[in-house]
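The following exercises concern aromatic pairs, strand pairing and salt bridges. Each task is followed by a solution that goes step by step.

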Amino acid sequence: MRPDDVAAQWEALGLGADGLPVYEALLNLPGRHASRTALARDLGLPVRRITAALDQLAEHGFTRPALGSGLPQAVAPATALRGLLHLHQAQVLRRSAELEELTGSVDRISAQLLSTVEDPRSIGIETVRGGRAIAERVAALLVSAREEVALIDRPPYASSQPDGMPTPLDVAAPVRRGARVRAIVDREGLSFQGRARGLNDLAEQGVQIRLGTDLPTKLFTVDRRITLLPPTDAADPTASALVVSDALLGNALVPLFDLLWERAVPIGSAGQDRVTDEDRELLTMLASGLKDEAIARRLDVHVHTVRRRMTRLMQELNAQTRFQAGVQATLRGWLTV
């Protein structure tokens, strides 16, 4: 590993740049540096930076107190790094638990915040009322997107009134301008007529789509700086949406999307796939929950033939699991939903 790689990973762990040379000096030449002044001189750093680096190393478990009046002793790298990684893992788990708690609480938190101020816009929360006004705000936000649009989409869907979510045409537009567009779609939505094929069209245009289960809310966020929460009742023409630019709420909503994105199942575009009637029949039986042996009996073939064909289909669908294969086949229009 190159020295610059080590330095980059060191800082990625939350440790300052000065800490690495200080730690290496304590490891490689124990006892040579009798004082912080001597260590500062050898490393060409001010004493105050040496002091700050030593304090941070001690805080993260890379040193233990000196036996006498000298410098702290370096802890073995493997021991120190494992301890720090365990700490980071604990923090990730705690953050994940916090985001889980937010899952069903977005509307409640928003309502509480709005009830405490006379003008919600003063804290970066704006209420947009009525389907037409919501649609106009959605369009304006999408036009303003420069780097990324991220959205969560789930039922219920409005039949005639705008529900605060971009249309397929709107979503594809930022991609053509060079922005990244990611969408998490609730699996339940695939049961709606024409939805699977519409998602396939979006994927062909460059929209990255993943499939989730029991998604907590609809939302879309632009450039990770402003988020729109559509109304709960998509069919109510007088319903309100919330536009959130406040850092406090934004710091919860954007990580919520990231967490759900990591857990969702990737799906791909249709490309120029070809599927035979036999492939469609096999996938349909698989999607219905039949085991390999039962499928083999129905097709009157050996079970090894079923598994060989399934392996080929999974490779063609770029799927890692049979569940992903079923999702891909549905989105490509191979199966009727």
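Two strands pair if DSSP finds at least two bridges between them. Helices (H or I, at least four residues) and strands (E, at least two) are DSSP runs, numbered from the N terminus. The model is predicted: local features need pLDDT of at least 70 and side-chain atom pairs count only at pLDDT 80 or more, while totals for chains, interfaces and linings use all residues. Residues are numbered from 1 along each chain as its sequence is written, and side-chain values use heavy atoms, with hydrogens and water left out.

**Exercise 1. Strand pairing**

Determine how strand E5 is joined to E6, and which residue in E6 is the bridge partner of Arg182.

Solution. Begin with the two strands: E5 (residues 180–186) and E6 run parallel and are joined by 5 bridges. Next, look up Arg182, whose bridge partner in E6 is Gln208. Finally, consider the cover of E6 (residues 208–212), where 4 of the 5 residues are buried; buried means under 20% relative accessible area, exposed over 50%, and partly exposed in between (1.4 Å probe, protein chains only).

**Exercise 2. Aromatic pairs**

Find how many aromatic pairs there are, and classify each. Rings of Phe, Tyr and Trp (its six-membered ring) pair if their centres lie within 6.5 Å; planes under 30 degrees apart count as stacked, over 60 as edge-to-face and the rest as tilted.

Solution. The count under this rule is 2 aromatic pairs. Take Tyr23 and Phe62: the ring centres are 5.1 Å apart and the planes stand at 90°, so this pair is edge-to-face. Tyr23 belongs to helix H2 (residues 19–28), whereas Phe62 is in the loop between helix H4 (47–59) and strand E1 (63–64), so the pair ties together parts 39 residues apart in sequence. Tyr23 is buried, at 4% relative accessibility, as is Phe62, at 0%.

Turn now to Phe257 and Trp261, a stacked pair with 5.9 Å centre to centre and 20° between the planes. Both residues lie in helix H10 (residues 247–263); because they are 4 residues apart, about one helical turn separates them. Phe257 is buried, with a relative accessible area of 1%, and Trp261 is buried at 4%.

**Exercise 3. The surroundings of Arg182**

Establish over the face of which residue Arg182 lies, and which side chain Arg182 meets in a salt bridge. A charge sits over a ring if NZ of Lys or CZ of Arg is within 6 Å of the ring centre and within 35 degrees of the ring normal. A salt bridge is a side-chain nitrogen of Lys or Arg within 4 Å of a carboxyl oxygen of Asp or Glu.

Solution. Start with the ring: Arg182 lies over the face of Trp261, at 4.9 Å from the ring centre. Then take the salt bridge, in which the side chains of Arg182 and Glu148 meet at 3.0 Å, N to O. Arg182 is in strand E5 and Glu148 in strand E4 (residues 148–153), so that this pair links distant parts of the chain, 34 residues apart. Arg182 counts as buried at 5% relative accessibility, and Glu148 is buried at 7%. Last, a network of salt bridges links Glu148, Arg180, Arg182, Arg224 and Asp258.

**Exercise 4. A salt bridge between helices**

State where Arg312 and Asp279 lie, and whether each is buried or partly exposed.

Solution. The structure holds 11 salt bridges, one of which joins the side chains of Arg312 and Asp279 (2.7 Å, N to O). Arg312 lies in helix H13 (residues 303–316) and Asp279 in helix H11 (residues 277–287), 33 residues apart. Arg312 is partly exposed at 37%, whereas Asp279 is buried at 4%.
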